[in-house]
Amino acid sequence: IHLAITVLIISTQFQLFNMIEEGESKQSKAQWSEEEVDGLLSYLQLQVSKIAGVTFRDETFHEAAKSIAHLSKQGSPKDMAQCKRKWKALKQIHLAIERYCNRSRFY
């Protein structure tokens, strides 16, 4: 039964990653460096106290894009929409991993 649950979870994660990729391919796909992702997450972490339990506003993603612009090594600097999509993708991946860990006795 554990194997079946593991296969189901991995299958679900694979579908989630495909949906994320499909959503990004319809829009301009950005190449993110580790430094840019770290910069985006660091900026958003500093803004958490300002959102009062709600989600980040577009203005926050716009400011995040400006704050990581100097980290861009590939292509043009990231814009507000790209930062927002990256946050959404990272959040979905995190939630999928969290669900897996909560269902698995091995983690």
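Colleague: In what order do the elements of the protein chain run from the N terminus on?

Modeller: This is a predicted model, in which local features need pLDDT of at least 70 and side-chain atom pairs count only at pLDDT 80 or more, while totals for chains, interfaces and linings use all residues. Residues are numbered from 1 along each chain as its sequence is written, and side-chain values use heavy atoms, with hydrogens and water left out. Helices (H or I, at least four residues) and strands (E, at least two) are DSSP runs numbered from the N terminus. The protein chain has four helices and zero strands, and its elements run α-α-α-α.

Colleague: How are α2 and α4 oriented to each other?

Modeller: The axes, lines fitted to C-alpha atoms over the stretch in contact, give angles from 0 to 180 degrees between N-to-C directions. Those of helix α2 (residues 34-47) and helix α4 (residues 80-103) come within 11 Å and cross at roughly 85 degrees. Angles under 35 degrees count as roughly parallel, over 145 as roughly antiparallel, 65 to 115 as roughly perpendicular and the rest as oblique. The two helices, α2 and α4, are therefore roughly perpendicular.

Colleague: Which residues of α2 and α4 make the contact?

Modeller: Contact means heavy atoms within 4.5 Å. On the α2 side the contact is made by V37, L40, L41 and L44, and on the α4 side by C83, K86, W87 and L90.

Colleague: Which parts does the salt bridge of K78 with E36 tie together?

Modeller: A salt bridge is a side-chain nitrogen of Lys or Arg within 4 Å of a carboxyl oxygen of Asp or Glu. In the pair of K78 and E36, the closest N and O atoms are 2.8 Å apart. The parts are 42 residues apart in sequence, since K78 lies in the loop between α3 and α4 and E36 in helix α2.

Colleague: Is E36 buried or exposed?

Modeller: Buried means under 20% relative accessible area, exposed over 50% and partly exposed in between (1.4 Å probe, protein chains only). K78 has 6% relative accessibility and counts as buried. With a relative accessible area of 1%, E36 is buried.

Colleague: Where does K73, the salt-bridge partner of E35, lie?

Modeller: The side chains of E35 and K73 meet in a salt bridge at 3.7 Å, N to O. E35 counts as partly exposed at 38% relative accessibility, whereas K73 is exposed at 64%. E35 lies in helix α2, and K73 in the loop between α3 (58-68) and α4.
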